[in-house]
Amino acid sequence: MTSRRQSQNGGKIKTGGYEFKVKDLTNEIYQCKICTHLIRTYIELPCTEFHGFCKNCLIDLERQTMERNDNSGERVKYFCKICGEEYDPANKKDHERTDKIILGHVEVLCKQSIIGCQWTGTIKAFKGHNNNDCLYAEVPCKFAGCQDLYLRKDRQKHEKDCPHRIVKCEYCQADVKFLHVKVHNDIECQLIPVNCSNENCNQSMPKKEIGDHQNNKCVFRKVPCSFQEVGCYAQVICKDLGVHEADSHAVHTTLLLKKILKVEQESTETKRDYKAMKNELQDSKRDINEVQKELGTTQARYNIMKKENDKLRQELNTAKTELEECKRENVRKTLKLEQDVSEIRKNQENLVKGHVEIAKVVNKNANISNEYRIQDLSLIQQTCAIVGKSLPRKTSFKTPEDIFDVISRPNPIQPIDFKEKHFDFEDINRVLQYPYPNYTNNVRKMCNLMEKGKIYTDVYGNSFFKLFLPQDNYLNAQYKDYLDTIRESSSTEFENNNMVLWKFGSGHYNLYINVDGFNYDNSVIGLVRVRDFFENWPLTFNGERNAIDWNKFRLGGKNVIFFLRRK
């Protein structure tokens, strides 16, 4: 048996040694002075007398000493429990040889010696003695379910009286726990004798046979009269059934006659019902024949309609084929028409450039001043009519290139509805067509009405969107087919379904765009200027712009408007 280890609050001694009494008092030199038991795991202190203690007892004592000195701020000092001499815990030593002497040579008394056991021996031999031989050791009951402990010497008495002991049923010889014998006899055992419950029957038999006896074989059971079906509902003891039938002959005859008369009446009614049902059956057959004729006619009509439907389906498939061919032809013609329109526009632009060059030459020859003003608007009107544009309100330009700039700009932006507000781009159209004194205010007005990151598109397919760029950083713009690969980055400044603004390092912005219809091949991206309207700022895809004058593009709150334009 291993020693117990008790831990209590308040710094009390903790038991760490072997809890045995020694037979020879001279062996008390092996007792621990902390727990007063034989030393377990002998530790020798570096004091003058080399005193020894239990390892766990010494650890607990040193811990208590250290806890008492935690708040003093001074070095913790450890003293021998016997001589009081200070020692260094690092110089403690194990003594395996002494441990072997204590376990194998010191003679101790049995732990049950206080109740009568006379055994003496070593600690190492005690386990075998306690588990096998000690008559005063507590042992558990061998019967399942019993939690009692008793002294080994009382085993025979306990097993004789234990309520969990196994006994044989005297009727069925089944093994039953003693405490379950009554339940077994009342419910489980089928061979225990029981008495018949019928009145005046005193027979006794096994429980498994009593049911058949009481219901089928007992002469004292009650049975119905043989004339029950004709109206006699008397319950008679089985052995007296013949007497009852003899005494009730006249009553039974009357009941039988009434039953015969009733059966004859029901038979007459059944014949009458049968005849009526036969007539209904004949009528039903005639109706079935008529329905079959109508079904045949309907089937013939269905076959005709099916043939017509198949013919119509074939004609429909032919029409669909012709329609698809017409669509493909229409696409080819549309592409050809777009090519022709593009060629016409190129010719128109060349024509405009020619007119501008003519104006330059005329102006140069006439030696006009730096403030160039066109007096005769017929050339501009004619040129604008060719390219489908209206004449701008202001007709004062500094150079002939301004005329080309007016008529070569994109078509006007159409009104856009968003956020339940209507914004007409008339002022922006004027900004895009010629110098206008309220340019910055109009751009700021448009910026205030735009939602961050939302795409606005005019009728010609060009798009605008607003972002918030708080720092003067390098800017790189890229098209990206799949934005999900970069959405989870911790450097993301803004994201939605069409774009991700990613900031990395201390001075770089990466703008990834995925807008339907725009790619590297067919479009350009740039910034809309706020103050200098003569030139927008194109960006290079997959290339940084590191010389951006952000004051020309940033509005209040450091918002910036981007444009996506077809090439």
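**Cysteines and nonpolar cores**

The closest cysteine sulfur to that of Cys238 belongs to Cys218, at 8.4 Å, which is too far for a bond. Cys238 is partly exposed, and its relative accessible area is 26%. These values come from a predicted model. A second cysteine, Cys35, is buried, with a relative accessible area of 7%. The nearest cysteine sulfur to Cys35 is that of Cys57, 3.7 Å away. This pair is also unbonded, because a disulfide requires sulfur atoms within 2.5 Å and the 3.7 Å separation is too far for a bond. The structure holds zero disulfides.

The largest nonpolar core contains 31 residues. Within this core, Cys32, Leu38 and Ile102 touch the most other members. At least two residues of the core come from each of β1 (42-44), β2 (52-54), α1 (55-68) and α3 (123-133). The largest contribution is that of α1, with three residues. A separate core comprises 22 residues, including Leu501, Tyr509, Val515 and Ile548.

Contacts were then examined for individual residues. Beyond its neighbours within four places in sequence, Ile102 is in contact with Tyr18, Tyr30, Leu38, Ile39, Tyr42 and Ile123. Gln31 is located in the segment before β1. With residues up to four places away in sequence left out, Gln31 touches Thr36, His37, Leu38 and Ile39. Leu38 and Ile39 are thus listed for Ile102 and for Gln31. Gln31 and Tyr18 are 13 residues apart along the chain, and their C-alpha atoms are separated by 9.0 Å.

How values were computed. Residues numbered from 1 in each chain as written. Predicted model: local features only at pLDDT ≥ 70, side-chain atom pairs only at ≥ 80, totals over all residues. Heavy atoms only, no water. Core = buried A, V, L, I, M, F, W, Y, C linked by side-chain atoms within 4.5 Å. Buried < 20%, exposed > 50% of the residue type's maximum accessible area, 1.4 Å probe, protein only. Helix = DSSP H or I, 4+ residues; strand = E, 2+ residues; numbered from the N terminus. Contact = heavy atoms within 4.5 Å.
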